[in-house]
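Trainee: I'd like a close look at a single part of this model. Pick one stretch of chain, walk me through its residues one by one, and then bring in anything elsewhere that helps to read it.

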Amino acid sequence: MSEPGLNHWRRANLTIDLAALSHNFNRVREYAPGCQVMAVIKANAYGHGMLAVADQLIDADLFAVAMPSEAYALRAAGCEKPILVLHGFSDRHELEQFSRLNLSTAVYQQSQLETLLAHSLTPPIDAWIKIDTGMHRLGVPVDEVDAYFGELRNSKNVANVFFMSHFANSDDISNTINNKQLNSFVNVIGDLGINCSMANSAAIIKIPESHFEVVRPGIMLYGSSPFPDIPASDLGLRPVMQFESILIDIKQVKAGEAIGYGGTYTSDTDITVGVVAAGYGDGYPRHARNGTPVWLNDQCCELVGRVSMDSLCINLTGVAARVGDRVALWGKELSVDEVARASDSIAYELLCNAGAAYAANR
């Protein structure tokens, strides 16, 4: 992602700081010394561009994606690192593709187990048994793990078996479910000497006993905090995505006049309003509230009125500004986490949406 040009249809622009990405990866190493790092680059690397991110993270031990097609794209681009597909395969055809491309699969349901055991694979593949320790999304029930492990370990179609699970509330360190999940995982894996993975970004930072052999950083790689009450900067993380546009108009609005669709903002005093060339068509959240921060000329301005498809309005009263000035929607000057909180959302959603919109508009 680079500067907009003839191949970009919109004024809003994304730039990706790959040096910041590498810095954040190194922070993972510092938080989890001695662990292998499985970098999570699903959903187009949270909107940052999966192939470019994979190329940059040359020191990652493994990659994790959600969909088989994401793994296929990485292999087609020349990526040779181990890749775990978190959704695993869904049928025999995908399983054979996994074997041909040397992809690892998550195993979390009986139909996958039966398919994997029923068909001869050359070469065999690695299997990660996903254990449901309490999130109740994907995962093998704890009382069935031994049976899965025995079948997979004895299958000629499986090269190695590993264990994994996922925290439901690791962003809330005081939540007692975290310990329940961790204890459940420890009780299941016992002393088998199998490589295990449980720690996501929040657990990497705050639950060191969950690190095991392999950690799985996601959001922290991209410079966002996994905690609602701890800024990313306090964790030593740097923003990777810079989302910005330009000011296209400045106007005076009288007291009592409403701004934007639905008239959701009315000022008690005369104000100066700036119109920014960015909206939900660019991935900016339509549900951002009045007062959501926007950065212009070293000052934090406030969103006023409802976000439109192609534009949004900000209060420029007392701010020196001219048409054409650069406006930062999030990035180095303004954390995406701040914008997410003001939008009743999370940084994951904002980053993915902005990245998807930018890619679609090229």
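Mentor: Contact means heavy atoms within 4.5 Å. With that in hand, let's take the loop between H10 and H11, where Ser343 is found. Keep in mind that this is a predicted model, so local features need pLDDT of at least 70 and side-chain atom pairs pLDDT 80 or more, while totals for chains, interfaces and linings use all residues. Numbering starts from 1 along each chain as its sequence is written, and side-chain values use heavy atoms, with hydrogens and water left out.

Helix H10 covers 336-342 and helix H11 covers 347-360, with Ser345 in the loop between them. Helices (H or I, at least four residues) and strands (E, at least two) are DSSP runs, numbered from the N terminus.

Start with Ser343, which is buried at a relative accessible area of 0%. (Buried is under 20%, exposed over 50%, partly exposed in between, with a 1.4 Å probe and protein chains only.) What does Ser343 touch, once residues up to four places away in sequence are set aside? Its partners are Pro285, His287, Ala288, Arg289 and Thr292. Back along its own chain, the side chain of Ser343 reaches the backbone oxygen of Val339 at 2.7 Å. For a sense of scale, Ala20 sits 323 residues from Ser343 along the chain, and their C-alpha atoms are separated by 25 Å.

Move on to Asp344, which lies in the loop between H10 and H11 too. Here the picture flips: Asp344 is exposed, with a relative accessible area of 61%. Its backbone deserves a look as well, since Asp344 has a positive phi of about 55 degrees although it is not a glycine. Most residues other than glycine have a negative phi, and most peptide bonds are trans.

Next comes Ser345, and with a relative accessible area of 14% this serine counts as buried. Its side chain makes a polar contact of 2.3 Å with the side chain of Glu349. (That's a pair of N or O atoms within 3.5 Å; within protein, one must be able to donate a hydrogen and the other to accept it, and residues adjacent in sequence count only if both atoms are side-chain atoms.) Leaving out neighbours within four places in sequence, Ser345 is in contact with His287, Ala340 and Leu350. So you meet His287 at Ser343 and again at Ser345. Read in order, the three go from buried Ser343 to exposed Asp344 and back to buried Ser345.

Now a couple of backbone features from elsewhere to set beside Asp344. Asp298 also has a positive phi, of about 65 degrees, and is not a glycine. You'll find Asp298 in the loop between strand E15 (293-296) and strand E16 (299-303), where it counts as exposed at 68% relative accessibility. The other feature is a cis peptide bond from Thr122 to Pro123, with omega near 0 degrees. Pro123 has its place in the loop between H6 and E6.

While you're there, glance at helix H6 (residues 110-118), whose buried residues are Gln112, Leu113, Thr115 and Leu116. Viewed down the axis of H6, they fall within an arc of 165 degrees, so they line one face of the helix; the arc is that of the directions from the helix axis to the C-beta atoms. Those buried residues pack against helix H5 (92-101), strand E5 (104-107), strand E6 (125-132), helix H7 (145-153) and strand E8 (158-164).
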